[in-house]
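User: I should like to understand how the terms used for a protein structure are justified. Could you take me through the reasoning step by step?

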Amino acid sequence: MEAIGVLMTCPMNNYLEQELDKRFKLFRYWTQPKQREFLAQHAESIRAVVGNATAGADAELIDALPKLEIVSSFSVGLDKVDLNKCKEKGIRVSNTPDVLTDDVADLAIGLMLAVLRRICECDKYVRRGAWKLGDFKLTTKFSGKRVGILGLGRIGLAVAERAEAFDCPISYYSRSKKANTNYTYYNSVVELASNSDILVIACALTPETTHVVNREVIDALGPKGVLINIGRGPHVDEAELVSALVEGRLGGAGLDVFEKEPEVPEQLFGLENVVLLPHVGSGTVETRKAMADLVLGNLEAHFSSKPLLTPVV
């Protein structure tokens, strides 16, 4: 398979990059200063694209690669891949589900604890010597809080199972009521937020879920409520979130994702009730290797005329 051209859209994982280089003819797209000319020059030899949650395969890229057969995404979310264009052209698409579920769900619980118990602020308090001058202020209990989950897919379910261990009542909103769960279902995101102390975003990003958490939802969550986003930045109207936090209309937030990554609103930097992470939901050594192996496995399956391991299209 060394002659098969694979376009990697951006740097995402050293192990994956090294293995692609060993097994295929790897093109590193981000290193090309004149990308249009580069695509025109190599259009006939690129048969696969490897992207991620930052840079996938949009319609323009797909149209520029007439020999493209497969897009193998180093992510579970596919909002950076034009799925309709892929279907139209008969291009296969795969992602990396399941292997990152535990890490993302673990992080969601970590963010809940960090926000409510002010773990990051406590750490700073000790480091700057303030503890010698007096005890840290009291914080908020996590166990028993009502946890509402927006999107009860693999990750949403994993978050629910973990939160249940803290005696948290679970409710959810999704496109339809799930038959295999006893969790409380609400018919709207506003209703879910109104009945939650903590609202967790764990759904896929689609046109319908873009800015699904707006001012109305934030106000329903209220001044004691906490928003946790381990989904995608554009799920939240970020301007409304910032103003709600600054004005005290929302109790706190734990954010792993943002609308225009890596840009983060500077108004959030001084707020002690907000925990900010650099999109590290799946960012463990173990999970990133498993994700890379899935990407490689899907490519090798496709070019060996075998079924994809994790097909989407």
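**Salt bridges and burial**

Analyst: In this predicted model, a search of the whole structure finds 25 salt bridges.

User: What makes the contact between Lys22 and Glu19 a salt bridge?

Analyst: A salt bridge requires a side-chain nitrogen of Lys or Arg within 4 Å of a carboxyl oxygen of Asp or Glu. For the side chains of Lys22 and Glu19, the N to O distance is 3.1 Å, so the pair meets the definition.

User: Why is Lys22 called exposed, and is Glu19 buried or exposed?

Analyst: Exposed means over 50% relative accessible area, and buried means under 20%. Lys22 has 58% and therefore counts as exposed. Glu19 has 12%, so Glu19 is buried.

User: How do you know that Arg118 and Glu272 form a salt bridge?

Analyst: Their closest N and O atoms are 3.9 Å apart. The limit is 4 Å, so this pair qualifies.

User: Which term describes Arg118, and which describes Glu272?

Analyst: Arg118, at 18% relative accessibility, lies under the 20% limit and is therefore buried. Glu272 has 32%, between the limits of 20% and 50%, so Glu272 is partly exposed.

User: Why is His235 called buried, and where does His235 lie?

Analyst: The relative accessible area of His235 is 0%, which is under 20%, so His235 is buried. His235 lies in the loop between strand S10 (226-229) and helix H10 (238-247).

User: What makes the approach of Ala204 to His235 a polar contact?

Analyst: The backbone oxygen of Ala204 lies 3.1 Å from a polar atom of the His235 side chain. The cut-off for a polar contact is 3.5 Å, so the distance satisfies that limit.

Terms used: Residues are numbered from 1 along each chain as its sequence is written. This is a predicted model: local features need pLDDT of at least 70, side-chain atom pairs count only at pLDDT 80 or more; totals for chains, interfaces and linings use all residues. Side-chain values use heavy atoms; hydrogens and water are left out. Helices (H or I, at least four residues) and strands (E, at least two) are DSSP runs, numbered from the N terminus. Buried means under 20% relative accessible area, exposed over 50%, partly exposed in between (1.4 Å probe, protein chains only). A polar contact is a pair of N or O atoms within 3.5 Å; within protein, one must be able to donate a hydrogen and the other to accept it, and residues adjacent in sequence count only if both atoms are side-chain atoms.
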